[in-house]
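User: Please take a close look at one part of this model, starting with any covalent link between side chains. Then work outwards from there to the surroundings and the chain as a whole.

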Amino acid sequence: RFERAGGEPFDVRWALLETAAYNAPELAQPTLERLIQVYEGKGEEMRTQAVRIAAETIPQRAIELYEPMLREPLARQTRPPQEELVRGWQAAAKKLGLKEARVLCDLVVDLRQPPDARYAAVNALTEIGGERAIRALREVLVESASDGNIRRKSAQALLRIMPRDAFCALIREASEHEADEVFLFFLSDMLDKNCGAQ
């Protein structure tokens with residue numbers, strides 16, 4: 001029914017695709033993969049939905065599809081936005097119970113990646129946590145070439161996933177080496193609000 005619904009409104013088409021994928025994931029898998037991998041000139045909306053639906057219904061295959069794309073931000077072919085692939089990877093990993101987010105750690109420190117993909121990766125790493133995530137976010141925090149927004153997001157993520165004493169020591173150390181006055185004010189404010197008694 002989905003394949004025959006080319007002229008239907010977008011909301012009808014993606015609902016058909018989602019229904020098919022939840023009820024017969026093996027049969028829907030080739031269609032989902034095609035939508036994700038091949039640009040058919042019909043806009044990004046269906047591809048974005050396919051990324052989400054695949055993550056929810058065929059999570060292992062979704063991980064296999066998304067990881068190479070996430071590692072190559074400057075691919076020549078048109079494909080779903082990196083930000084949506086990050087969210088898809090995160091949803092699939094959560095479904096599979098994965099606690100290892102190496103691909104997102106690599107992405108968040110990669111200055112070639114689009115900012116929105118890096119922001120989405122910071123959000124995902126905040127939820128996943130762990131030592132590898134902490135190391136990646138620390139690197140972003142002290143990387144002066146990164147934009148101020150992702151550095152602030154990284155500091156806020158670290159506040160949530162690090163032990164408080166280690167976090168406060170890190171922010172103090174970062175403050176001592178920070179040249180950007182605006183970011184230095186942000187770090188000082190974080191220290192005042194979260195590390196006053198430490």
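Analyst: The structure holds one disulfide, a term used here for a pair of cysteine sulfur atoms within 2.5 Å. Cys168 and Cys195 are the two partners, with an S to S distance of 2.0 Å. Cys168 belongs to helix H10, whereas Cys195 sits in the segment after H11, so the pair ties together parts that are 27 residues apart in sequence. In general, a disulfide is a covalent bond between the sulfur atoms of two cysteines.

The model is predicted: local features need pLDDT of at least 70 and side-chain atom pairs count only at pLDDT 80 or more, while totals for chains, interfaces and linings use all residues. Residues are numbered from 1 along each chain as its sequence is written, and side-chain values use heavy atoms, with hydrogens and water left out.

The angle about the S-S bond is -85°, which makes the link of Cys168 and Cys195 left-handed. Cys168 and Cys195 are both buried; buried means under 20% relative accessible area, exposed means over 50%, and partly exposed lies in between (1.4 Å probe, protein chains only). Another cysteine, Cys105, is also buried, at 6% relative accessible area.

Next comes the loop that follows helix H10. Glu178 is found there, between helix H10 (164–177) and helix H11 (181–194). Helices are DSSP runs of H or I with at least four residues, strands are runs of E with at least two, and both are numbered from the N terminus. Is Glu178 buried or exposed? With a relative accessibility of 15%, Glu178 falls under the cut-off and counts as buried. A polar atom of the Glu178 side chain lies 3.0 Å from the backbone nitrogen of Asp180. That fits the cut-off for a polar contact, which is a pair of N or O atoms within 3.5 Å; within protein, one must be able to donate a hydrogen and the other to accept it, and residues adjacent in sequence count only if both atoms are side-chain atoms. Leaving aside residues up to four places away in sequence, Glu178 touches Arg151, Phe183, Leu184 and Leu187, where contact means heavy atoms within 4.5 Å.

On the other side of helix H10 is Met162, in the loop between H9 and H10. Met162 is buried, its relative accessible area being 10%. Apart from residues up to four places away in sequence, Met162 touches Ile134, Phe167 and Leu170. The C-alpha atoms of Met162 and Gly129 are 8.5 Å apart, with the two positions 33 residues apart in sequence numbering.

Helix H9 (residues 148–161) holds Gln156. Gln156 is partly exposed, at 41% relative accessible area. With residues up to four places away in sequence not counted, Gln156 touches Phe186 and Met190. Between the C-alpha atoms of Gln156 and Leu141, 15 residues apart along the chain, the distance is 9.8 Å.

For a view of the N-terminal helix, take Phe10 in helix H1 (residues 10–23). Phe10 is partly exposed, at 30% relative accessibility. Beyond residues up to four places away in sequence, Phe10 touches Glu45, Met46 and Gln49. Phe10 and Ile134 are 40 Å apart from C-alpha to C-alpha, and 124 residues apart in sequence.

Finally, the whole chain. The protein chain has eleven helices and zero strands. Its C-alpha atoms fill a box of roughly 65 × 30 × 25 Å along the principal axes. Of the 198 residues, 45% are buried. Among contacts between residues at least 6 apart in sequence, 61% join residues at least 24 apart. The accessible surface, from the Shrake-Rupley method with a 1.4 Å probe, comes to about 10,500 Å², and 50% of that belongs to carbon and sulfur atoms. The protein chain carries 28 positive and 32 negative side chains, with the centres of the two sets 3 Å apart. Here Lys and Arg count as positive and Asp and Glu as negative, while His and the chain ends are not counted; each charge is placed at NZ of Lys, CZ of Arg, CG of Asp or CD of Glu.
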